[in-house]
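The report that follows describes selected features of one protein chain, taking helix packing, charged pairs and backbone geometry into account. Please read it alongside the sequence and the structure shown here.

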Amino acid sequence: MATTDKASPRDRLLDAAARLCYRDGVSIGVEALCREAGVSKRSMYQLFGSKDEMLAASLERRVPGYDARLTHPDPQAPPRERILYVFERLERDSLDADFHGCPFLAALVELKDPGHPASEVAREAKERLAHAFRTEAERGGARDPELLARQLMLVFDGAGARAGARVERLADGLATATAATLCDAAGLVR
């Protein structure tokens, strides 16, 4: 489905890459990306230089929305509530028929090359979430904030991957309950 709106060719390519790579994986071909965006291959290479650069730019463009979606709307909310909000949001998002898990984790798993430009963007996005967990764990008095952040990342990524693969349903609150148990075990203040 070629895009014919008034967006710039660059924006159309980034939008197409976001849609197709999330749905079909980062191995999607340049021809399919260009066809979806309604942009010639020549234009794509003039704008980005390579498919790798375009993938990285597409992921980079998703970061603000990803961060905003996982940030509690009340900056004064207690640390535990701010952490559990992330898992509640994951559970809500997982109910969407188009949910395929975390786009950043998917890129890391598919690309396997830590030096790939898109891998670097994806790793930074995941590190920001881990940092947010660690910061909240520190604010909430967890005994070992680093360990709790690592545990929460495992639950977040595992739950998202399993829900995205349609082997787990998160509608029952399992991810949030698991995160809450970890928070309690770490001594996070209620």
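A residue counts as exposed when its relative accessible area is over 50%, as buried when that area is under 20%, and as partly exposed in between. The model is predicted. Lys-112, with a relative accessible area of 65%, is therefore exposed.

**Backbone geometry in the loops**

Lys-112 lies in the loop that runs between helix 6 (103-111) and helix 7 (117-139), and its phi is near 60 degrees, which is a positive value in a residue other than glycine. Arg-166 likewise is not a glycine and has a positive phi, of about 65 degrees; the place of Arg-166 is in the loop between helix 8 (145-164) and helix 9 (174-185). The relative accessible area of Arg-166 is 45%, so this residue is classed as partly exposed. A positive phi, of about 70 degrees, is also found at Gly-38, just after helix 2.

**Packing of the helices at the start of the chain**

Which residues of helix 2 are buried? They are Val-30, Ala-32, Leu-33, Cys-34, Glu-36 and Ala-37, and with six of its eight residues buried, helix 2 (residues 30-37) is mostly covered. The buried residues of helix 2 pack against helix 1, helix 3 and helix 4 (51-69).

Helix 1 (residues 9-24) and helix 3 (residues 41-48) also approach one another, their axes coming within 10 Å and crossing at roughly 95 degrees. Because angles of 65 to 115 degrees count as roughly perpendicular, helix 1 is described as roughly perpendicular to helix 3. The contact is made by Pro-9, Arg-10, Leu-13 and Leu-14 on the side of helix 1, which meet Met-44, Leu-47 and Phe-48 on the side of helix 3. Sorted by class, this contact of helix 1 with helix 3 comprises six nonpolar residues, one charged residue and no polar residues.

**Salt bridges**

The count of salt bridges in the model comes to 15, and the table gives three of the pairs, including the N to O distance for each and the relative accessible area of both partners.

| Pair | Closest N to O | Accessibility of the partners |
|---|---|---|
| Arg-61 and Asp-11 | 3.5 Å | Arg-61 38%, Asp-11 28% |
| Arg-23 and Asp-24 | 2.9 Å | Arg-23 52%, Asp-24 40% |
| Asp-184 and Arg-190 | 3.0 Å | Asp-184 35%, Arg-190 68% |

In the pair formed by Asp-184 and Arg-190, Arg-190 counts as exposed at 68% relative accessibility, whereas Asp-184, at 35%, is partly exposed. Salt bridges that share partners also join Asp-11, Asp-15 and Arg-61 into one network.

Where in the chain do the partners Arg-61 and Asp-11 lie? Arg-61 belongs to helix 4 and Asp-11 to helix 1, so that the salt bridge between Arg-61 and Asp-11, 50 residues apart, links distant parts of the chain. Arg-61 is partly exposed, and Asp-11 is partly exposed as well.

In the salt bridge between the side chains of Arg-23 and Asp-24, Arg-23 counts as exposed at 52% relative accessibility, while Asp-24, at 40%, counts as partly exposed.

Technical notes. Residues are numbered from 1 along each chain as its sequence is written. This is a predicted model: local features need pLDDT of at least 70, side-chain atom pairs count only at pLDDT 80 or more; totals for chains, interfaces and linings use all residues. Side-chain values use heavy atoms; hydrogens and water are left out. Axes are lines fitted to C-alpha atoms, for helices over the stretch in contact, and angles run from 0 to 180 degrees between N-to-C directions. Helices (H or I, at least four residues) and strands (E, at least two) are DSSP runs, numbered from the N terminus. Angles under 35 degrees count as roughly parallel, over 145 as roughly antiparallel, 65 to 115 as roughly perpendicular and the rest as oblique. Contact means heavy atoms within 4.5 Å. Ala, Val, Leu, Ile, Met, Phe, Trp, Tyr, Cys and Pro count as nonpolar, Asp, Glu, Lys and Arg as charged, and the others, Gly among them, as polar. Buried means under 20% relative accessible area, exposed over 50%, partly exposed in between (1.4 Å probe, protein chains only). A salt bridge is a side-chain nitrogen of Lys or Arg within 4 Å of a carboxyl oxygen of Asp or Glu.
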